[in-house]
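Hi,

Here is the structure I said I would pass on. Have a look at it first, and then read on for my notes.

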Amino acid sequence: MRTAVRILQRVLGAVPLLLALVIATFVFVRMIPGDPVDILLGQGGNVSAAEVAALRQSLGLDEPIQVQLARFLRGLLEGDLGHSFWQRQPVARLLVTTLPATVELALAALFFALAIGIPVGILSAVRPGSLLDRLAMATSFLGISMPAFWAGLMLMFLFAVKLRWLPSVGRLDPALDLRPVTGFLVLDSLLTGNWPALRSALSHLVLPGLTLGLELMAIVARVMRSSMLEALQQDYIRFARAKGVSGWSAVLRHALPNALVPTVTVVGLQMGVLLGGNMVVETVFAWPGLGRLVVGAIFARDYAVVQGAVLLYAATFVLANLLVDILYAYLNPKLSL
Amino acid sequence: MSLRRQFLPLLGLAVVLLYVLAAILAPYLAPYPPDEVNLPMRLRPIGTPGHPLGTDHLGADLLSRVLFGARVSILVGVLAVSLSLAVGASLGAVAGYFGGWVDGVFSRFADLLMGFPYLLFTLFAMAILGPGIANLVLALSFKGWVEFFRLTRGEVMSEKTREYVLAARALGRSPAAIIAGEILPNIRHSLLVLATLRMGYLIVMEATLSFLGLGVPPDVPAWGSMVAAGREYMVSAWWIAMVPGLAVVGLVLSINLFGEGLREALDPRLRSL
């Protein structure tokens, strides 16, 4: 009960912050040089001034900025995020269709980061100074130092262009037909029993997922190694070993649970990397998610889309932080929310 | 462990110095002007006589472009870190020393900035400011100061209760003199380590912005925009995207290796990531 109240307090506490952010975005996006009406009409010079004025009026851009802001905030209360100038769709619908793609990609990245980073970190810690350890730590340095856009292009070049093992862009083979249910393609293909689509969706996730997860993978491996090294030197491990617990069992059953806590902390802190990094990865892999949407909208001066996307990003951030705090409290009962 | 005994960090430092030298001497080292269009020689592979790193889609020499590209990355990296350090350390010192509402306001603002994707932030800033080296420095520093603020604030808060600060205060020295003359010299190692490690990150950010077309103007060769240009030719001329990317990785990796060695030598407490 007390926990529920605390969670509610945290959520409500985030509202002023989100509101400030929405207003800042609203103002900043209008400070970007370039008129959306000009961009919409293109460079062709054969548009009359009356037509320009009519379009401006129909988009609501002829009013003073405070009137536009008031209208936007009123709409927000009713759950209306406005319309995209460019795609002629409600922003809310655009966000709902792109969010699953982004979340699916972030989950794939998280999976790769943990599935590779944790075992590598453990193996390095068990044999510190070994060839494997040194190789793993050198590789992790590379992972932190590599720009995601370039790593993505190189993975694409190797596995899609040269070896032809994996698809390069998009979420699904366009020749396949998949009935949308949730927007999460892996889930949808499972729900509808569409196995070719499942295969295609999974294979499309590999390269962008790896690219997005690369940095986190390196960080997880390093943190896992150092916390595991520390855990293995504790008295309870020596005691377990003295009692006759075999090597790997001592590592996995006794040391691992304790060594995982710092890793969870770091993964939580780095969730922002997954969310913030997706703009680049989605652009490189033509992934139809939130990141690609917002980059395109900034270039197109599609005000309403930028506003909506920033709000969604920020809300996701607040939520992710909250989830991490709850997970901490669960893993370490000494802490409270 | 002293820095002199470590091999990799010293190698990193040597490579960084080579990059800096290459950037300074680019006009003398580059065999061609970086923007020289030579269509008959376009898309030549690595190892072509006269073009050791090949040519791009316009026939410009990639070696020359990579050498000139080092100027943008290093200049933006150094300036953005310096500005972030100056702003962050000053505000952090003030917030940490005085506490109270000053600290509250700055810390809230820092939290707000921390809770937001760095790239989206800088993307926005660059869209408003327009391309250019000065604008890149501003856009990157706009959030880059936060790490320096947090470090300085925390260190100043813990240092200000130590005897040497209390003694200086008892002698009647002003807060400004105590911060600048007593506390800062004691935390300069931590700041130096953080600055080195942030430098690599900001250089990657600059390359990313240039890749997305929001960095320097199109006529200035930058590694990120060179990769973007090579993207269209991945199938026929992969080296156009590969070469400038390797240049980024080499520089950032060297900076990080050096920074990590510096951390171990000077400030083992600072957490490594």
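Below is what turned up, going from chain B as a whole to its contact with chain A and then to some individual residues.

One thing to keep in mind from the start: this is a predicted model.

**Chain B overall**

Let's begin with the fold of chain B. It has 10 helices and zero strands, so if you read along the sequence you get α-α-α-α-α-α-α-α-α-α. The C-alpha trace of chain B spans about 75 × 45 × 30 Å along its principal axes. Of the 273 residues in chain B, 52% are buried. If you take the contacts in chain B with a separation of 6 or more, 72% of them come from residues 24 or more positions apart.

**Where chain B meets chain A**

Next, the interface. On one side there are 36 residues of chain B, and they are in contact with 39 residues of chain A. About 3500 Å² is buried between the two chains, and carbon and sulfur atoms give 85% of that area.

What about charges and polar groups across the interface? The count between chain B and chain A is one salt bridge. It is formed by the side chains of A:Arg222 and B:Glu260, at 3.4 Å from N to O. There are also six residue pairs in polar contact across the interface, with both residues at pLDDT 80 or more.

Which elements of chain B give two or more residues to the side that touches chain A? They are helix 5 (118-129), helix 8 (175-211), helix 9 (223-231) and helix 10 (239-266). Helix 10 gives the most, with 11 residues. Sorted by type, the residues on this side of chain B come to 27 nonpolar, six polar and three charged.

**A buried threonine**

Now zoom in on B:Thr55, which sits in the loop between helix 2 (26-29) and helix 3 (62-98) of chain B. Is this residue buried or exposed? B:Thr55 counts as buried because its relative accessibility is 0%, and the cut-off for buried is under 20%. A polar atom of the B:Thr55 side chain lies 2.6 Å from the backbone oxygen of B:Met41. Leaving aside residues up to four places away in sequence, B:Thr55 touches a whole list of others, including B:Arg42, B:Leu43, B:Asp61 and B:Ile240. B:Trp239 is also one of the residues that B:Thr55 touches, and that tryptophan comes up again in a moment.

**Aromatic rings**

A search of the whole structure gives 13 aromatic pairs over all chains. One of them is B:Trp238 with B:Trp239, an edge-to-face pair with 5.6 Å from centre to centre and 80 degrees between the planes. The two residues fall into separate classes of exposure: B:Trp238 is partly exposed, at 28% relative accessible area, whereas B:Trp239 is buried, at 6%. Elsewhere in chain B, ring pairs link B:Phe106, B:Phe109, B:Trp145 and B:Phe149 into a cluster.

**Salt bridges**

Over all chains the count comes to 11 salt bridges. Here are some to look up in the viewer.

- A:Glu104 and A:Arg171 form a salt bridge, with the closest N and O atoms 2.7 Å apart. This pair links distant parts of the chain, 67 residues apart: A:Glu104 is in helix 5 (residues 91-126) of chain A, and A:Arg171 is in the loop between helix 7 (148-162) and helix 8 (185-191). Both partners are buried, A:Glu104 at 8% relative accessibility and A:Arg171 at 11%.
- A:Glu63 pairs with A:Arg71, and here the closest N and O atoms are 2.7 Å apart. A:Glu63 is partly exposed, with a relative accessible area of 29%, and A:Arg71 counts as partly exposed at 39%.
- In chain B, the side chains of B:Arg173 and B:Glu182 meet at 2.6 Å, N to O. B:Arg173 is partly exposed at 36%, and B:Glu182 is partly exposed at 21%.
- Salt bridges that share partners also join A:Arg222, B:Glu260 and B:Arg263 into one network. The bridge between A:Arg222 and B:Glu260 is the one from the interface section above.

Cheers

Methods
Residues numbered from 1 in each chain as written. Chains lettered and ligands numbered in written order. Predicted model: local features only at pLDDT ≥ 70, side-chain atom pairs only at ≥ 80, totals over all residues. Heavy atoms only, no water. Contact = heavy atoms within 4.5 Å. Buried area = accessible area lost by both parts, 1.4 Å probe. Salt bridge = Lys/Arg side-chain N within 4 Å of Asp/Glu carboxyl O. Polar contact = N/O pair within 3.5 Å; in protein donor to acceptor, adjacent residues only side chain to side chain. Helix = DSSP H or I, 4+ residues; strand = E, 2+ residues; numbered from the N terminus. Nonpolar A, V, L, I, M, F, W, Y, C, P; charged D, E, K, R; others polar. Buried < 20%, exposed > 50% of the residue type's maximum accessible area, 1.4 Å probe, protein only. Phe/Tyr/Trp six-rings, centres within 6.5 Å; stacked < 30°, edge-to-face > 60°.
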